[in-house]
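Dear colleague,

I am handing over the structure we spoke about, and below it you will find an account of how some of its helices pack and where empty space was found. Please read it with the coordinates open beside you.

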Amino acid sequence: MRPIERPPLGAIREAAERLEGVALRTPVVALDDDLAPEGARVFLKLENLQPIGSFKLRGAGNAMALAGPEALAEGVYTASAGNMAQGVAWNARRMGVPCRVVVPDTAPATKLEALRRLGGEALPRPFDDWWRVLVEHGDPSLPGLFIHPVADPAVIAGNGTIGLELLEQVPEVDTVLVPYGGGGLACGIAAAVQALKPGVRVLAVEVETAAPLTASLAAGRPVTVERRASFVDGIGGRGVLEPMWPLVRELIDGAVVVSVEAIVEAMRALVVRRRV
């Protein structure tokens, strides 16, 4: 597949108009000073307050709206461990079309239950088979329009609407930290932020149990890594998707790897101190 191109600012702004009334304009709250690094001010963009608890309905909603009724006649399908599944299913229910989701057989039961509540059909497969659907951009045996959770310009533009909001809410921002799964969120935010404020750094954050971007940046090319299972299921793939690599290398300023223990500590602090 050809490399994914950077979404222009105009496409991200059009996505924001398309998503008006669909995705929430989520709030930004300040992290307590004693939890932030010394001398830094840290803000949290609360995408967990979206109707599905995730930013994924932005990219899915934009891609499906752009596709139009004819392309959606047989429904939609995606490959997801949980959050994109819910994003596609939520929009499919809103648009009145069927939704199927290829899921890894390790997907959390809570996310599968959420998918079914939204009217989506889960199709479990071994992790390697699920990963193949992502790499090959679909499965010809399944009907409907395939919505790639990452490597789709319309999905990336939809994700980029977060960057537009962020700059309006925190205009003094100088660094943005974004969880990295496949790069669709990080690249969308970076495309918006850097178009409007080029000096802002965008750093990807990976978990130590699966950090393919960090390994790929060190190698100067996409590489695969050994993936160890952990409760952190929303990020951490086996490798950087080839079509995303040129865009990731262009837009992302670096990567940060964190331990599972640090994630647990951060979650505890957010729940106790910010009720998030």
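The crossing of helices α1 and α7 is left-handed. In this model, which is predicted, α1 covers residues 9-18 and α7 covers residues 184-196, and their axes come within 10 Å and cross at roughly 115°. Since angles of 65 to 115 degrees count as roughly perpendicular, α1 and α7 are therefore described as roughly perpendicular to each other. On the α1 side the contact is made by Leu9, Ile12 and Arg13, while α7 contributes Gly188, Ala191, Ala192, Ala195 and Leu196. Sorted by class, the residues of this contact are six nonpolar, one polar and one charged.

A second pair to look at is α3 (residues 83-95) with α4 (residues 109-117), whose axes lie 9 Å apart and make an angle of about 10°. Because angles under 35 degrees count as roughly parallel, α3 and α4 are taken to be roughly parallel to each other. Here Asn83, Ala85, Gln86, Ala89 and Arg93 of α3 meet Lys111, Ala114, Leu115 and Arg117 of α4, and the contact of α3 with α4 consists of four nonpolar, two polar and three charged residues.

Turning to the open spaces, the second largest pocket has a volume of about 210 Å³. Its lining is formed by Ala16, Leu19, Glu20, Gly21, Ala23, Leu24, Arg25, Arg58, Thr161, Leu164, Glu165 and Glu168. Which helix gives the most to this lining? That is helix α6 (residues 153-169), which supplies four residues to the second largest pocket. By class, the lining of this pocket holds five nonpolar, two polar and five charged residues.

As for enclosed space, one cavity of 30 Å³ or more was counted, and the largest cavity holds about 50 Å³ of space. The residues that line the largest cavity are Val207, Thr209, Ala210, Arg227, Arg228, Ala229, Ser230, Val232, Ile235 and Gly236. That lining divides into five nonpolar, three polar and two charged residues.

If you would like to follow these points on screen, the left-handed crossing of α1 and α7 could be viewed before the lining of the second largest pocket, which includes Ala16 and Leu19.

With best wishes

Definitions and conventions:
Residues numbered from 1 in each chain as written. Predicted model: local features only at pLDDT ≥ 70, side-chain atom pairs only at ≥ 80, totals over all residues. Heavy atoms only, no water. 1 Å grid on protein atoms, 1.4 Å probe; cavity = no way out; pocket = protein on both sides within 12 Å on 5 of 7 lines; lining within 4 Å. Points joined across faces, edges and corners; volume = space filled by probe spheres on them. Helix = DSSP H or I, 4+ residues; strand = E, 2+ residues; numbered from the N terminus. Nonpolar A, V, L, I, M, F, W, Y, C, P; charged D, E, K, R; others polar. Axes fitted to C-alpha atoms, helices over the stretch in contact; angles between N-to-C directions. Parallel < 35°, antiparallel > 145°, perpendicular 65-115°, else oblique. Left-handed = near helix turned anticlockwise from the far one by under 90°. Contact = heavy atoms within 4.5 Å.
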